[in-house]
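Open the model in your viewer and keep the selection panel at hand. The tour goes from one selection to the next and says what is found at each stop.

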Amino acid sequence: MKALHSIRKWIDTILSSVCAVVFAFMVIVGTYQIAVRYFFGKPSTVSEELLTYSFTWMALLASAYIFGKRDHMRMGFLADKLKGTVKKVLEIVIECLIIVLAGGVMVFGGIRIMNLTMTQVTASLGIPMGYVYAVVPLSGILIVIYSILNIIDLATGNITLEEESN
C-alpha cells in the first residue's frame, strides 16, 4: 500500500509542478503580449497562440490533478445522503464510470484525434496540431491511474467518505 501512496505522491508532485511552470510561462507570455500591444500597437500572434495552447494544457493537466485529489465538482445530492457500504459501493461505481469515460473518450479518442491532426500545422507556431492535442490522452491516462488508485483506497478504507463529504 505504501508503494501506491508513493506513486500518487510522485504523480501529484510532477503534475502540480508542471501546472505551476505552465502558469508562470503564461504570465510571462501574457505580459509580453500586453507590452507589445501597448508599445507597438500590434499584437503578437505567436504569443496569442502560445497562451491558448498553454491554457489548454494547464486546464487539462490540472483537471487530472484535481481528480487525483478527489476534489472535482460533482452533484452529490444522492451520494451525500448515503452511508456506509452503500456509499462506498456507489463511489467505486462512480470511479469505474470515470475510468470508462476517461479511457474511451480521452485516451482512445485523444489518440485518434492526435493522429488525425499530425498533418495539420498551427498558424503561428508551425508545429503539428497533434502535439497540441497530445495533452488529451495524457490527462486521460492520468485520470485513469488516479481513479484506479482511488478505487484501491476506497476498497481498503484509506479514504474515509464521512470526512470527504464535509
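A residue is called buried here when its relative accessible area is under 20%. The model is a predicted one.

**Stop 1: E91 and R70.** Select E91. Its relative accessibility is 4%, so E91 counts as buried. Now add R70, which is buried as well, with a relative accessible area of 11%. The two residues form a salt bridge, and their closest N and O atoms are 2.9 Å apart. This pair links distant parts of the chain: E91 belongs to helix α3 (residues 84-116), while R70 is in the loop between α2 and α3, 21 residues apart. Add E95 to the selection to see a network of salt bridges that links R70, E91 and E95. The structure holds four salt bridges.

**Stop 2: K69 and D12.** Select K69 and D12, another salt bridge, with the closest N and O atoms 3.5 Å apart. K69 sits in helix α2 (residues 45-69) and D12 in helix α1, so the pair ties together parts that are 57 residues apart in sequence. Which of the terms buried, exposed or partly exposed fits K69? K69 is partly exposed, at 38% relative accessible area. D12, at 10%, is buried.

**Stop 3: D153 and R8.** Next, select D153 and R8, which form a salt bridge whose closest N and O atoms are 3.1 Å apart. D153 is part of helix α5 and R8 part of helix α1, so this bridge ties together parts that are 145 residues apart in sequence. Both residues are buried.

**Stop 4: helices α1 and α5.** Show residues 2-40, helix α1, together with residues 135-156, helix α5. How are these two helices arranged? They pack at an angle of about 145°, and their axes are 11 Å apart. The crossing of α1 past α5 is left-handed. To see the contact, select L4, H5, I7, R8, I11, D12 and L15 in α1, then L142, I145, Y146, L149, N150, I152 and D153 in α5. By class, this contact has nine nonpolar, two polar and three charged residues.

**Stop 5: S139.** Stay in helix α5 and select S139. Is S139 buried or exposed? Its relative accessibility is 0%, so S139 counts as buried. The S139 side chain reaches the backbone oxygen of V136 at 3.1 Å. Finally, add L60, A64 and M106: these are the contacts of S139 once its neighbours within four places in sequence are left aside.

Technical notes: Residues are numbered from 1 along each chain as its sequence is written. This is a predicted model: local features need pLDDT of at least 70, side-chain atom pairs count only at pLDDT 80 or more; totals for chains, interfaces and linings use all residues. Side-chain values use heavy atoms; hydrogens and water are left out. Axes are lines fitted to C-alpha atoms, for helices over the stretch in contact, and angles run from 0 to 180 degrees between N-to-C directions. Helices (H or I, at least four residues) and strands (E, at least two) are DSSP runs, numbered from the N terminus. A crossing is left-handed if the near helix is turned anticlockwise from the far one by less than a right angle, and right-handed if clockwise. Contact means heavy atoms within 4.5 Å. Ala, Val, Leu, Ile, Met, Phe, Trp, Tyr, Cys and Pro count as nonpolar, Asp, Glu, Lys and Arg as charged, and the others, Gly among them, as polar. Buried means under 20% relative accessible area, exposed over 50%, partly exposed in between (1.4 Å probe, protein chains only). A polar contact is a pair of N or O atoms within 3.5 Å; within protein, one must be able to donate a hydrogen and the other to accept it, and residues adjacent in sequence count only if both atoms are side-chain atoms. A salt bridge is a side-chain nitrogen of Lys or Arg within 4 Å of a carboxyl oxygen of Asp or Glu.
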